[in-house]
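The following exercises ask the reader to work through contacts, burial and charge pairing. Each task is followed by a solution in steps.

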Amino acid sequence: MRSSIPLAQAPAVPALALDTVWFQVAGTLCNLRCRHCFIACGPTNRAHDYMDRESVRGHLREAESLGVRDVYFTGGEPFLHRDLVGILDDALRIAPTSVLTNATLLTPALVRELAALRDASRYSLEMRVSLDGITPEQNDPIRGPGTFDDTLRGAQHLSDGGFLPIITVTQTWDDADDRRLREGFHALLRARGIERPRVKILPLFKIGREASRTRGYAPEELLTPAHMDGYDPWLLQCSTSRMVTSRGVYVCPILINVPSARMAETLGASLRPFPLAHGACHTCWATGATCRN
Amino acid sequence: MTRIATLQGDELEGGIALLGGPYSNHRALRAGLEDARRRGAARIFCLGDLGGFGPNPGAIYPLLAARDVTTIAGNYDRSLAERLHDCGCGYTHPDDNHYARLSYAYTDRHTTDEQRAWLGTLPDGVRFERGGRRYLLCHGSPRRTNEFLWESACSDAFLLRLARDAEADTIVCTHTGLHWQRLLPGGVRVINVGSIGRPANDGRPNVWYAWLAPGSEEAAFIPVDYDHEAMAAEMEAERLPAPFVETIRGGWWTTCLEILPARERARGRF
Ligand code: SF4
Ligand code: SF4
Ligand SMILES: [Fe+2]
């Protein structure tokens with residue numbers, strides 16, 4: 001199945017500004033191995049490696065000079081990184097910061113450290129927790145045995161520490177069930193003592209491990225210049241953000257396994273148009289979805 | 001942003017009242033304008049979003065006219081003027097959008113063609129010089145009418161970039177409904193004036209506006225009490241959603257909460 005088209009035929013998204021910088025801080029390393037993971041992370045995947053604190057600092061300094069609004073850390077699982085707390089400290093001095101985690105490694109002691117960072121900063125520290133079902137029967141076949149309970153325990157630690165975690169769900173169901181599932185998540189979280197549940201639903205990107213779980217993109221799901229006619233490029237996160245990994249600066253958090261999506265060594269050099277030649281671009285275009293909070 | 005009005009005049013050196021979204025709360029707006037008059041405001045600005053949330057949106061227009069308020073278009077005003085199908089608030093969450101749709105439909109039904117035409121004449125921003133500083137007044141941000149500038153979600157670096165791109169020393173905005181200001185390194189100031197029509201999610205029913213006293217470039221945030229019970233009763237009579245009425249009475253936001261960053265959300269009750 002073809003998942004990209006010749007670059008010359010693809011419409012380009014302009015680089016409007018650098019509002020958001022992502023860090024693939026734990027590379028593609030994760031303690032889980034979710035079946036829909038669009039970047040196919042796992043315990044041994046070193047396609048992208050851990051980023052050391054000094055290198056993150058360098059990119060943060062450059063981001064600040066470019067007027068970055070907010071910063072996101074993801075992986076893999078960021079809390080596998082032994083310097084993560086220090087790195088978050090560096091980030092929170094510069095900008096509002098979000099961490100995307102599966103929460104399975106969070107302990108009360110670690111949450112206390114995070115709360116101290118949060119309270120010392122003028123900016124919000126957001127914790128985003130991934131969960132993919134309202135029962136173990138729904139979640140665990142996708143995310144792995146026992147992950148439902150482990151993740152909810154982590155989310156409860158966050159809640160106990162005064163965080164309002166955003167539970168992030170990948171949409172693996174039909175649109176028709178949307179409202180019911182959303183309410184289901186709210187009820188589940190309330191039942192676990194999380195009084196003010198926040199739930200974000202992300203579309204499924206049919207790449208990485210997900211491409212083999214279901215199917216990849218069909219040729220008609222590729223963008224042509226006509227798709228961008230009258231479309232506000234602002235709605236695509238790649239017009240205002242970039243992703244930094246151990247291997248350089250990529251156009252967005254979704255395409256880090258696509259060699260042509262690597263744009264430069266530095267953020268500044270990466271601020272140029274990008275051809276939307278990939279199946280995943282169609283999902284962004286059609287849903288208007290953003291990986292931001 | 002496309003249409004920016006540039007103002008000149010000695011009165012700009014005097015006291016200036018900066019009012020955020022009235023959201024159809026004509027009782028609060030009247031009280032705010034009266035407070036500004038008592039302070040001797042030389043000029044009054046409203047930063048847009050006249051409709052939504054409250055009852056009888058038509059009551060806002062004569063109040064603005066009577067006090068000669070210079071008004072900027074908010075996303076709500078743009079949507080009504082252009083007969084769009086939603087308020088263009090920029091919410092991204094279905095729960096937020098649910099209530100946003102209800103209040104937009106109500107305001108849309110109660111807006112006349114004449115009012116739409118007038119909204120269509122409003123500028124997207126206003127510029128002037130005051131005390132040697134370049135002011136830019138806008139609704140959301142200098143670059144997007146519906147961009148949310150929340151205190152805990154805007155880095156210094158970002159605000160400095162916005163000010164530099166807008167060639168402004170002071171940016172004044174609303175759209176979030178929560179007031180704050182920040183003096184940035186180098187002297188740039190950002191003032192979010194909050195909302196004159198909706199309480200500030202702090203458990204108190206009063207509303208707020210921003211006041212620049214003569215000779216001062218630092219804003220004072222002025223709490224304004226008004227007959228919120230009468231407003232609540234009027235909203236009930238118009239059968240507006242009960243959660244909106246609860247906000248007017250209790251001062252806590254009950255809807256459109258998903259857009260709030262962690263810190264602002266944690267301060268509220270819901
Ligand atoms: S989806 Fe998240 S938790 Fe699951 S394997 Fe991928 S990175 Fe790890
Ligand atoms: S996948 Fe989405 S965010 Fe990434 S380049 Fe394509 S459209 Fe932009
Ligand atoms: Fe607005």
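**Exercise 1. A charge pair between two helices of chain B**

At 13% relative accessibility, Glu234(B) counts as buried. The model is a predicted one. Identify the salt bridge that joins Glu234(B) to Arg27(B), and state where each partner lies.

*Solution.*

Step 1. Buried requires a relative accessible area under 20%, and Glu234(B), at 13%, therefore meets this cut-off.

Step 2. The side chains of Glu234(B) and Arg27(B) form a salt bridge, with an N to O distance of 2.6 Å.

Step 3. Arg27(B) belongs to helix α1 of chain B and Glu234(B) to helix α7 (residues 228–237) of chain B; with their positions 207 residues apart, the pair links distant parts of the chain.

Step 4. Arg27(B) has a relative accessible area of 30% and is therefore partly exposed.

**Exercise 2. A second pair from helix α7**

Determine which parts of chain B are tied together by the salt bridge of Glu236(B) and Arg249(B).

*Solution.*

Step 1. The N to O distance between the side chains of Glu236(B) and Arg249(B) is 3.1 Å, in a salt bridge.

Step 2. Because Glu236(B) is in helix α7 of chain B and Arg249(B) in helix α8 (residues 242–250) of chain B, the pair ties together parts 13 residues apart in sequence.

Step 3. Classify the partners: Glu236(B) is partly exposed at 44% relative accessibility, and Arg249(B) is partly exposed at 34%.

**Exercise 3. An enclosed helix in chain A**

Is helix α2 (residues 84–92) of chain A largely enclosed or largely open? Find also the salt bridge made by Asp90(A).

*Solution.*

Step 1. Seven of the nine residues of α2(A) are buried, so the helix is largely enclosed by the rest of the structure.

Step 2. The buried residues are Leu84(A), Gly86(A), Ile87(A), Leu88(A), Asp90(A), Ala91(A) and Leu92(A).

Step 3. The elements that cover them include α1 (53–65), β3 (70–74), β4 (97–101), α3 (108–120) and β5 (125–130) of chain A.

Step 4. Asp90(A), buried at 11% relative accessibility, forms a salt bridge with Arg57(A) at 3.2 Å, N to O. Arg57(A) lies in helix α1 of chain A, 33 residues away in sequence from Asp90(A) in helix α2.

Step 5. Arg57(A) counts as partly exposed, at 28% relative accessibility.

**Exercise 4. A buried asparagine**

Describe the surroundings of Asn25(B), starting from its place in the loop between β2 (16–19) and α1 of chain B.

*Solution.*

Step 1. Asn25(B) has 1% relative accessibility and so counts as buried.

Step 2. Polar atoms of the Asn25(B) side chain lie 3.0 Å from the backbone nitrogen of Ala28(B) and 3.0 Å from the backbone oxygen of Gly197(B).

Step 3. Beyond its neighbours within four places in sequence, Asn25(B) is in contact with Ile60(B), Gly197(B), Tyr226(B), Met231(B) and Ile248(B).

**Exercise 5. The nonpolar cores**

Which members of the largest nonpolar core touch the most other members?

*Solution.*

Step 1. In this core of 53 residues they are Leu19(B), Leu29(B), Trp150(B), Tyr209(B) and Met235(B).

Step 2. Helix α1 (residues 26–38) of chain B gives the largest share of this core, five residues.

Step 3. Another core, of 50 residues, lies apart from it; Met51(A), Leu110(A), Leu114(A) and Val244(A) are among its members.

**Exercise 6. The contact between the chains**

Characterise the contact between chain B and chain A by its residues, its area and its charge pairs.

*Solution.*

Step 1. Chain B contributes 26 residues and chain A 29 residues.

Step 2. The buried area is about 2200 Å², with 42% coming from carbon and sulfur atoms. Arg144(B), Arg161(B) and Arg263(B) supply 23% of the area that chain B buries against chain A, more than any other three residues.

Step 3. There are five salt bridges between the two chains. One of them joins Arg69(A) to Glu147(B), whose closest N and O atoms are 3.5 Å apart.

Step 4. A network of salt bridges links Asp19(A), Arg69(A), Asp70(A), Arg143(B), Glu147(B) and Arg161(B).

Step 5. With both residues at pLDDT 80 or more, 23 residue pairs are in polar contact between chain B and chain A. On the side of chain B that touches chain A, α9(B) gives the most, with five residues. By class, that side has ten nonpolar, four polar and twelve charged residues.

Definitions and conventions
Residues numbered from 1 in each chain as written. Chains lettered and ligands numbered in written order. Predicted model: local features only at pLDDT ≥ 70, side-chain atom pairs only at ≥ 80, totals over all residues. Heavy atoms only, no water. Contact = heavy atoms within 4.5 Å. Buried area = accessible area lost by both parts, 1.4 Å probe. Salt bridge = Lys/Arg side-chain N within 4 Å of Asp/Glu carboxyl O. Polar contact = N/O pair within 3.5 Å; in protein donor to acceptor, adjacent residues only side chain to side chain. Helix = DSSP H or I, 4+ residues; strand = E, 2+ residues; numbered from the N terminus. Nonpolar A, V, L, I, M, F, W, Y, C, P; charged D, E, K, R; others polar. Core = buried A, V, L, I, M, F, W, Y, C linked by side-chain atoms within 4.5 Å. Buried < 20%, exposed > 50% of the residue type's maximum accessible area, 1.4 Å probe, protein only.
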